[in-house]
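Here's a quick briefing on the salt bridges, the domain layout and a few backbone oddities. Have the model open and follow along.

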Amino acid sequence: MKKLALLLFLSGTGAFGQSLSKPETAVVATVQKQLPETVTFLEKVVNINSGTLNIEGVRTVGKLMSDEFDKLGFKTEWVTLPDSLNRAGHLVATRQGKKGKKLFLIGHLDTVFEKSLPMEPFTRVNDSTASGQGVNDMKGGDVLVIAALKALHAQKLLDDTSITIYFTGDEESSGGAESRRDFIERARQCDLALAFETAQGLSSVTTGRRGASGWTLNVKARSGHSSRVFSDLGYGAIYEAARILTEFRRTLGQEQYLTFNPGLIVGGSEVHYDDKTAKAETVGKTNIVAGSTLVKGDLRFLTETQKENARAKMREIVDKSLPLTKASISFTDGIPGMEPTAANDDLRKQVDKISRDMGLGPVTAFDPGARGAGDVSFVAKYMPCLDGLGASGKGAHSIEETMNLKEYPFLIQRTALLIYRLTR
């Protein structure tokens, strides 16, 4: 695999030596030289289950990565969280200097695969593909950061730079605002943020991504014999919920970057829902008009303005109740959106320049509507940000998750050169 990647690099970058400086050329060669140990380390961490709720597993992966940062001269620490959050905490590695921009590099140690699920170990499917739990989302991105920094360290190019690496332990199931307080505070001391969620190949990066929030619709109505529906009993709770959901779709369903998914709906004479287990129970009969309906869903958006406008329209629709029904809707904030700003695009242009200098071709902005919420969005309003810089692959969050081994060395090299240029 090493020889194949090297041949691909040389054949696709015939003029790279004329476009890259001497130190940059040395960094590129060092990444390639270190590639076998990089993939070996990736295999090691992928084979440790670190589902968000597997606190021991998340901390074990964090310790392995912390040891790597220690070797590179970073000061490392573990940020603990209150026991009530049931989350492992976060790994932070820092170094202080006076050269160039102060960088904030973002990753996460946890995966969606909890310990109760069957283990899918790191497997080399062929010379271009590896599979395994979290191999691209996002242990491949975390290891990419380490590999890029190792190459820079080998050439003594990290000296006098200011870099903060923040690998969260609960990105896939956040512990809420308390879990991100330290993350935001440290980011605000930096000039820009680079996040290493899954890359969409070599030709695009993420300058914007949607945010996510939740909503709950409760409908109450008069209950009684089904023969009296539409008359003195009114329309019942299920018909009213159906009206509201239909109006949501009809009114807002075509707006770019906006989605609202009713993920759970239950209706009947009585409804009970348990937030801790996400399970609902209902009692009802076909000859009884439903007196209660509950709907829970998410709302995804690109900007805060879009989110607030959508919420206002949803409230307006809810208020127009059918006869003898009463509905209410509430909203909960989750992860904010990352708006594709001009400052973010300036960062994208720097990656584009590096890619062209390497002979890899142009880099465009990926469709923000095709990216879900991520940690970078918590700091996007404070500084220029870029995401999608990690390992490329497919099937994240599934047993078919894979990583592209052919593109991996190029992505490491590109990141190393980006960090180098930003910190000069």
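Searching the whole structure turns up 24 salt bridges, where a salt bridge is a side-chain nitrogen of Lys or Arg within 4 Å of a carboxyl oxygen of Asp or Glu. Keep in mind that this is a predicted model: local features need pLDDT of at least 70, side-chain atom pairs count only at pLDDT 80 or more, and totals for chains, interfaces and linings use all residues. Residues are numbered from 1 along each chain as its sequence is written, and side-chain values use heavy atoms, with hydrogens and water left out.

Two terms come up throughout:

- Helices (H or I, at least four residues) and strands (E, at least two) are DSSP runs, numbered from the N terminus.
- Buried means under 20% relative accessible area, exposed means over 50%, and partly exposed is in between (1.4 Å probe, protein chains only).

**Salt bridges**

- Glu 77 pairs up with Arg 186 in a salt bridge, with the closest N and O atoms 3.1 Å apart. Glu 77 sits in strand 1 (residues 75–79) and Arg 186 in helix 6 (residues 177–187), so this pair ties together parts that are 109 residues apart in sequence.
- As for burial in that pair, Glu 77 is partly exposed at 30% relative accessibility, while Arg 186 counts as buried at 18%.
- Helix 6 also contributes Arg 180, whose side chain meets that of Asp 170 in a salt bridge at 2.7 Å, N to O. Asp 170 is in the loop between strand 6 and helix 6, and the two partners are ten residues apart.
- Both partners are tucked away: Arg 180 is buried at 1% relative accessibility, and Asp 170 is buried at 0%.
- Arg 311 and Asp 333 form a salt bridge through their side chains, at 2.8 Å from N to O. Since Arg 311 lies in helix 8 and Asp 333 in strand 14, the pair ties together parts that are 22 residues apart in sequence.
- Here the partners sit in contrasting surroundings: Arg 311 counts as buried at 6% relative accessibility, whereas Asp 333 counts as exposed at 58%.
- That pair belongs to a network of salt bridges linking Glu 304, Lys 307, Glu 308, Arg 311 and Asp 333.

**Domains and their interface**

- The domain assignment splits the protein into domain 1 (22–209 + 338–423) and domain 2 (212–334); the bounds come from an automatic or database domain assignment.
- Taken over C-alpha atoms, the centres of domain 1 and domain 2 are 39 Å apart. The contact (heavy atoms within 4.5 Å) takes ten residues from domain 1 and six residues from domain 2.
- The two domains bury about 490 Å² between them, with 66% of it on carbon and sulfur atoms. Buried area here is the accessible area (1.4 Å probe) that two parts lose on being put together, summed over both.
- On the domain 1 side, Glu 339, Pro 368 and Ala 373 supply 48% of the area buried against domain 2, more than any other three residues.
- How many salt bridges cross the interface of domain 1 and domain 2? The rule finds zero.
- Polar contacts between the domains also come to zero residue pairs, counting those with both residues at pLDDT 80 or more. A polar contact is a pair of N or O atoms within 3.5 Å; within protein, one must be able to donate a hydrogen and the other to accept it, and residues adjacent in sequence count only if both atoms are side-chain atoms.

**Helix 5 and backbone oddities**

- For context, most residues other than glycine have a negative phi, and most peptide bonds are trans.
- Asp 137 and Met 138 are joined by a cis peptide bond, with omega about -10 degrees. Met 138 is in the loop between strand 5 (129–131) and helix 5 (139–154).
- Helix 5 has 16 residues and reaches 22 Å from its first C-alpha to its last, close to the 22 Å expected at 1.5 Å a residue; the expected span is 1.5 Å times one less than the number of residues.
- Of the 16 residues of helix 5, 14 are buried, so the helix is largely enclosed by the rest of the structure.
- Just after helix 5, Lys 156 takes a positive phi of about 60 degrees. Lys 156 lies in the loop between helix 5 and strand 6 (161–168) and is exposed, with a relative accessible area of 64%.
- Leu 324 also has a positive phi, about 65 degrees, although it is not a glycine. Leu 324 is in the loop between helix 8 (304–319) and strand 14 (325–335), and counts as partly exposed at 42% relative accessibility.
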